[in-house]
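Student: Could you take me on a close look at one part of this model, the buried core, and walk me through who touches whom?

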Amino acid sequence: MQLDEADPKGLVRESYAIEGISMGECRSIFVDWALSLPSHEVQEALRTLLEAYAAGRPDHPMSEVLSAGLAAAPRPQRRGGRSARVAEG
């Protein structure tokens, strides 16, 4: 994937240019960025962005956010329901 396809609005590129940007601001930008892409392209786009931007700025908060976005989401665990109540009683 080309860089202009991975970051069509330049949101991630601009986040790296903001001096003193916070982790919360990077997360907000990340959500805006992720919502602008088709869901099936996000993982590939993340790899492209990490290669282009994070390699040179590993300590930047956006590098951490992008890396976390690439990590697998934890599997949801059952939190209750009828079978949990029956087992307790």
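Tutor: Here is a walk through the core, starting with the chain as a whole and then going residue by residue.

Keep in mind that this is a predicted model. The chain folds into six helices and zero strands, so read from the N terminus the elements simply go α-α-α-α-α-α. Of its 89 residues, 29% count as buried. The accessible surface is about 6300 Å², and carbon and sulfur atoms account for 50% of that. If you take contacts between residues at least 6 apart in sequence, 68% of them join residues at least 24 apart.

Now for the core itself. In soluble globular proteins, nonpolar side chains tend to be buried together. Here the largest nonpolar core has 19 residues, and the ones that touch the most other members are Val12, Tyr16, Trp33, Leu49, Met62 and Leu66. Helices H2, H3, H4 and H5 each put in at least two residues, and H4 gives the largest share, with seven.

That makes H4 a good place to zoom in. The helix spans residues 42-54, and its buried residues are Val42, Ala45, Leu46, Thr48, Leu49, Leu50, Tyr53 and Ala54. Their cover includes helix H1 (3-6), helix H2 (11-17), helix H3 (23-35) and helix H5 (61-70). Take Thr48, which belongs to H4. Its relative accessible area is 16%, so Thr48 is buried, given that the cut-off is under 20%. Setting aside residues up to four places away in sequence, Thr48 touches Met1, Gln2, Leu3 and Ala6.

Next, hop over to H3 and look at Trp33. With 0% relative accessibility, Trp33 counts as buried. Leaving out neighbours within four places in sequence, Trp33 is in contact with Ala6, Asp7, Leu11 and Val12, and also with Val42, Ala45, Leu46 and Leu49. Those last four are among the buried residues of H4.

Trp33 also has an aromatic partner. A pair of aromatic rings is described by the distance of the centres and the angle of the planes. Searching the whole structure turns up two aromatic pairs. In the pair formed by Phe30 and Trp33, the ring centres are 5.5 Å apart and the planes sit at 35 degrees, so the pair is tilted. Both residues lie in helix H3, three residues apart, or about one turn of the helix. Phe30 counts as buried too, at 17% relative accessibility.

From Phe30 you can step across to H5, where Leu66 is found. Leu66 is buried, with a relative accessible area of 0%. Not counting residues up to four places away in sequence, Leu66 touches Val12, Tyr16, Phe30, Leu46, Leu49 and Leu50. For the last of these you can put numbers on the geometry: Leu66 and Leu50 are 16 residues apart in sequence, and their C-alpha atoms are 6.7 Å apart.

One last stop, in H2, is a serine: Ser15 lies in that helix. At 0% relative accessibility, Ser15 counts as buried. Beyond its neighbours within four places in sequence, Ser15 is in contact with Ile21, Ile29, His60 and Met62. Met62 should ring a bell, being one of the core residues that touch the most other members.

Terms used:
Residues are numbered from 1 along each chain as its sequence is written. This is a predicted model: local features need pLDDT of at least 70, side-chain atom pairs count only at pLDDT 80 or more; totals for chains, interfaces and linings use all residues. Side-chain values use heavy atoms; hydrogens and water are left out. Buried means under 20% relative accessible area, exposed over 50%, partly exposed in between (1.4 Å probe, protein chains only). Contact means heavy atoms within 4.5 Å. A nonpolar core is a set of buried Ala, Val, Leu, Ile, Met, Phe, Trp, Tyr and Cys residues joined through side-chain atoms within 4.5 Å. Rings of Phe, Tyr and Trp (its six-membered ring) pair if their centres lie within 6.5 Å; planes under 30 degrees apart count as stacked, over 60 as edge-to-face and the rest as tilted. Accessible areas come from the Shrake-Rupley method with a 1.4 Å probe; for residues, only the protein chains shown count as cover.
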